[in-house]
Amino acid sequence: RLTYEEAVEEAFGLFHWLLLAVCGWANASDAVEILCVSFLLPTARCNLQLSSSDMGLLTASIFLMMVGGYMWGYLADQRGRRKVLVVSLTVNGLFGGLASVAPWFWLFLLLRFISGIVGGSIPVIFSYFSEFMPRLRRGAMISALATFWMAGNILAALAWLVIPRTWARFSLGKLEFQSWRLFVVLCSVPSTSSAVLFKLLMPESPKFLMEQGLLPIKQMFSGSVKARSIVLLIIFYCIYYGLWMWFPELFARVESSGGSPCANVSVPSALNNQSCYPVKTAYMEGFIIAASNLPGNIFTILIMDSIGGKTLLACSLIVSSLSVFLIYVVQTKAQSLGLSCIFSGVSVIAWNALDVVGTELYPTQLSSALGFFTGVGRVAAIMGNVVFGKLVDSSCTVPILLVSALLLAGGLVALLLPQTRQTELT
């Protein structure tokens, strides 16, 4: 009789590539749902008459997936991975799409809030995927799965093909349906289509079927895993990824007067006289930043299994910290764009490494563990976006330097994690 690990090691073939495509598309849907808000801000702020504080609340709302991440992780341990993924992705796409017809900011915010708080199934996707993977291929395959977040990032960055188009305007009663609302509808498609694919094509996790059970969440902070849990808690809090949600807004402001982002955020009034449809270059720069993830993703796929997630995580966080600090220092728009691309390309290595390390540090029965730590990271994202929204009209010095310091701290703390390269799942 074979053990679970021996059975998984027996074969690797077409099914695993199909699994990568389906789980990858679901992972891309998470990126689209999160980042679509950042690309519609320059236009929606005009149409919905948003202040910078309102924009901070809006960008923070999607990170309420923290609650969903833990809730769905817990239910996945009890009811099964596949069933949970179908339900959570459906709800996420449904409420995300409904937000497109919200006539008022408070209703738009509420629907995005529900989409975020009820969605958040990404930790379950990584647990589900890893449970099918042979040990020697797991690092590279999880890195490949994480790469689809970049695909979703690029897909969301195609906003420049939709939002600047003034032809996509018509009336629905008293609601003026504009191009940015069409963009919101399109951004809900990946989640709903992922739910359909999981329902029709994917089986339940074999490890869940063989070893159903639940380890209490308190076990993450007791015994031999206590130290690693504390370290992960700090890292997830430090690895603030809400920063790039403000890139399109910052570049829209830079477009009006040139120079660096921090040199121009103190004059938001210039935007009040602009069209509700910013020039394409602001969106093109967002697309370039999204595409700059590609080298980092290829790099992690190629060397993850040989170097290990711990080393990649620590080094990439430290380099990310330096690139964020230099965004504050630079004086020209070209330099800002270049450093933003470096930050995007390097920070994605950290996220890919964290996906691998987080999956391998805990028993797969405790998929809610990764959901818990993802939730901690999104608490930091909520706080960061609210703070950024409050400060962006006066000075971006404090949030930029704070992000740099947090990334540096996270990189140094990551050195305390155990090495998990090619370990067996327990």
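How many helices and how many strands are there in the protein? In this predicted model, there are 19 helices and two strands, and the legends below take the reader through the fold and then through several close-up views.

**Figure 1. The whole protein, seen as a setting for the close-up views.** Of the 426 residues of the protein, 58% count as buried. Among contacts with a separation of 6 or more, residues 24 or more positions apart account for 87%. Several of the views that follow therefore look at pairs of residues that lie many places from each other along the chain, such as Ala44 and Arg181, which are 137 residues apart.

**Figure 2. The largest nonpolar core and the residues at its centre of contacts.** This core has 60 residues, and those that touch the most other members are Phe129, Phe198, Ile235 and Leu313. Helix H17, which covers residues 333–360, gives the most to this core, with nine residues. For Leu313, the contacts beyond four places in sequence are with Ile235, Ala350, Ala353, Leu354, Ala414 and Leu417. A second core, separate from this one, has 31 residues, including Leu41, Phe105, Trp180 and Ala290.**Figure 3. Helix H11 and its buried residues.** Helix H11, residues 226–238, is made up of 13 residues, and the distance from its first C-alpha to its last is 19 Å, close to the 18 Å expected at 1.5 Å a residue. Its buried residues are Ser229, Val231, Leu232, Ile235, Phe236 and Cys238. For Cys238, the relative accessible area is 5%, while Ile235 is also one of the residues that touch the most other members of the largest nonpolar core.

**Figure 4. Helix H15, with a bend at Ile301.** The 15 residues of helix H15, residues 293–307, should span 21 Å at 1.5 Å a residue, and the separation of 20 Å between its end C-alpha atoms agrees with this. The helix nevertheless bends by about 40° at Ile301. Buried residues in H15 are Asn293, Gly296, Asn297, Thr300, Ile303, Met304 and Asp305. Following the helix comes Gly308, which has a positive phi, near 100°.

**Figure 5. Ser344 of helix H17 and its partner Ser292.** Ser344 is found in helix H17, where it is buried with a relative accessible area of 2%. A polar contact of 3.4 Å joins the side chain of Ser344 to the side chain of Ser292. Leaving aside neighbours within four places in sequence, Ser344 is in contact with Ile289, Ser292 and Asn293, and Asn293 is itself among the buried residues of H15.

**Figure 6. Arg112, a buried arginine in helix H6.** Helix H6, residues 105–118, holds Arg112, which has a relative accessible area of 1% and is therefore buried. The side chain of Arg112 reaches the backbone oxygen of Glu33, at a distance of 2.8 Å.

**Figure 7. Cys36 and Cys187, two cysteines without a disulfide.** Cys36 is buried, with a relative accessible area of 0%. The cysteine sulfur closest to that of Cys36 belongs to Cys187, but at 4.0 Å it is too far for a bond, because a disulfide requires the two sulfur atoms to be within 2.5 Å. A search of the whole structure likewise finds zero disulfides.

**Figure 8. Ala44 of helix H2 and its surroundings.** Ala44 is found in helix H2, residues 14–47, and counts as buried at 1% relative accessibility. When neighbours within four places in sequence are left aside, Ala44 is in contact with Gln49, Leu50 and Trp180, and Trp180 is one of the residues of the second nonpolar core. The C-alpha atoms of Ala44 and Arg181 are separated by 8.6 Å, although these residues are 137 residues apart along the chain.

**Figure 9. Met202, in the loop between helices H9 and H10.** The loop that holds Met202 lies between helix H9 (179–201) and helix H10 (206–210), and Met202 is buried there, with a relative accessible area of 3%. Not counting residues up to four places away in sequence, Met202 touches Phe15, Leu18, Leu19, Val22, Arg82, Tyr128 and Leu197. For one of these, Arg82, the C-alpha atom is separated from that of Met202 by 7.4 Å, with the two residues 120 residues apart along the chain.

**Figure 10. Gln78, a partly exposed residue of helix H4.** Gln78 lies in helix H4, residues 65–79, and counts as partly exposed at 35% relative accessibility. The C-alpha atoms of Gln78 and Phe208 are separated by 9.1 Å, while the two residues are 130 residues apart along the chain.

Definitions and conventions:
Residues numbered from 1 in each chain as written. Predicted model: local features only at pLDDT ≥ 70, side-chain atom pairs only at ≥ 80, totals over all residues. Heavy atoms only, no water. Buried < 20%, exposed > 50% of the residue type's maximum accessible area, 1.4 Å probe, protein only. Helix = DSSP H or I, 4+ residues; strand = E, 2+ residues; numbered from the N terminus. Polar contact = N/O pair within 3.5 Å; in protein donor to acceptor, adjacent residues only side chain to side chain. Expected span 1.5 Å × (residues − 1). Bend = angle between axes of the 7 residues up to and from the residue. Core = buried A, V, L, I, M, F, W, Y, C linked by side-chain atoms within 4.5 Å. Contact = heavy atoms within 4.5 Å.
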